[in-house]
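Hi,

Here is the structure I said I would pass on. Have a look at it first, and then read my notes below.

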Amino acid sequence: TETITKVKAVRGVIQTTTLVHEEKTYDIVNRSDNDRVLLIEHPNRKGQGFEFVGDNKPVEEVSNVFRFEVPVAAKKSLTYTVKEERTVNSSVQISNNPDQTIRLFLSMKEAPESLKVKLTEAMRLKGIWEKTRAEIADSERRIKVLDSEIRRHQESLKVLPKEAPNYQKTLTRLEEHEKELDTINANLKKLQERESNERRAYEQFLENLTAE
């Protein structure tokens, strides 16, 4: 089993501590008429951070195994359980992960309320930033369309006689598109400045996000 025992954030990095608990049960049968002592050789995983817990402890340690002594009465059977635990620490940089990572930590019952409050604020700031980015993308798409339309109108005016019925209509459309393009370009500069400030605010909030 794995149980998260602690969740905290340090300067935008969420750190989790997980307790890994493993049990191995040996089924033992003594078919002889005499009492016996069974020697169990259990894998040595001390290098992986495992420690024995519970009442059953080894009597000897060698390079690759631990040895347990288990007395077994004649004609009897029993089970012998070896319990081990280790602690695993992991960390996640919030800014490098999608929103579902933050939502995962928000859903954890082990996460402290102070962390959830700050993660919620981080999501709010990111939402504001992403909305502006979407507005910029829409503006850039519209600019491409207008550029194409303006070029098309300009080419049409080169070949249309001024007396042609469509000349004035085309000229009016050209002027309208040029005016709209000027407006969008002016607004785009404001959006880009706003986006830069919102991104900076979000990143600075994450850099200073600490809770436990």
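**The nonpolar core**

Let me begin with the largest nonpolar core, which has 18 residues; those that touch the most other members are Val-7, Ile-14, Ile-94, Leu-115, Leu-119, Tyr-202 and Leu-209. Four elements give two or more residues to this core: strand E1, helix H1 (99-107), and helices H2 and H3. H2 gives the most, with six residues. Before you go further, keep in mind that this is a predicted model.

**The helices**

How do H2 and H3 cross? H2 covers residues 113-159 and H3 covers residues 165-207; their axes come within 7 Å and cross at roughly 160°. An angle over 145 degrees counts as roughly antiparallel, so H2 is roughly antiparallel to H3. The crossing of these two helices is left-handed. As for what sits in the contact of H2 with H3, its residues divide into 20 nonpolar, 16 charged and nine polar.

H1 packs against H2 too, at an angle of about 155° and with the axes 10 Å apart. That makes H1 roughly antiparallel to H2. Here again you are looking at a left-handed crossing, with H1 passing H2.

**The four-stranded sheet**

Now for the strands. One open sheet has four of them, in the order E1-E2-E7-E4, and the pairing is antiparallel. Which strands stand at the edges of this sheet? They are E1 (2-10) and E4 (51-53); each has a single partner strand, so one side of each is left without a neighbour in the sheet. On average, and ignoring direction, neighbouring strands here are turned by 25° against each other.

If you want to walk across the sheet, follow the order of the strands:

- E1 and E2 are joined by eight bridges in the antiparallel sense. Ala-9 is a handy landmark here, with Ile-14 as its bridge partner in E2. You have met Ile-14 already, as one of the core residues that touch the most other members.
- E2 (residues 13-29) pairs with E7 over 17 bridges, again in the antiparallel sense. To find your place in this pair, look for Asp-27, which stands opposite Thr-79 in E7.
- E4 and E7 (residues 77-93) run antiparallel and are joined by three bridges. Phe-52 has Glu-84 in E7 as its bridge partner, while Glu-51 stands opposite Glu-85 in E7.

As background, strands of a sheet pair through backbone hydrogen bonds, either parallel or antiparallel.

**The three-stranded sheet**

There is also an open sheet of three strands, with the order E3-E6-E5 and antiparallel pairing. Its edge strands are E3 (36-43) and E5 (60-61), and each of them pairs on one side only. Between E5 and E6 there are two bridges, in the antiparallel sense. For a residue pair to look up, take Glu-60, whose bridge partner in E6 is Arg-67.

**Two residues with a positive phi**

Last, two loop residues that you may want to click on. What is the phi of Arg-11? It is positive, at about 50°, although Arg-11 is not a glycine. Arg-11 belongs to the loop between E1 and E2, and the hairpin of these strands has two residues between them. Is Arg-11 buried or exposed? Its relative accessible area is 54%, and since anything over 50% counts as exposed, Arg-11 is exposed.

The other one is Lys-75, also not a glycine, with a positive phi of about 60°. You will find Lys-75 in the loop between E6 (65-72) and E7. Lys-75 counts as exposed as well, at 55% relative accessibility.

If you are opening the model for the first time, I would start from Leu-115 and Leu-119, which are among the core residues that touch the most other members. From there, turn to H2 and H3, where the axes come within 7 Å, and then go on to the sheet with the order E1-E2-E7-E4.

Cheers

Key: Residues numbered from 1 in each chain as written. Predicted model: local features only at pLDDT ≥ 70, side-chain atom pairs only at ≥ 80, totals over all residues. Heavy atoms only, no water. Axes fitted to C-alpha atoms, helices over the stretch in contact; angles between N-to-C directions. Parallel < 35°, antiparallel > 145°, perpendicular 65-115°, else oblique. Left-handed = near helix turned anticlockwise from the far one by under 90°. Nonpolar A, V, L, I, M, F, W, Y, C, P; charged D, E, K, R; others polar. Pairing = 2+ DSSP bridges. Core = buried A, V, L, I, M, F, W, Y, C linked by side-chain atoms within 4.5 Å. Buried < 20%, exposed > 50% of the residue type's maximum accessible area, 1.4 Å probe, protein only.
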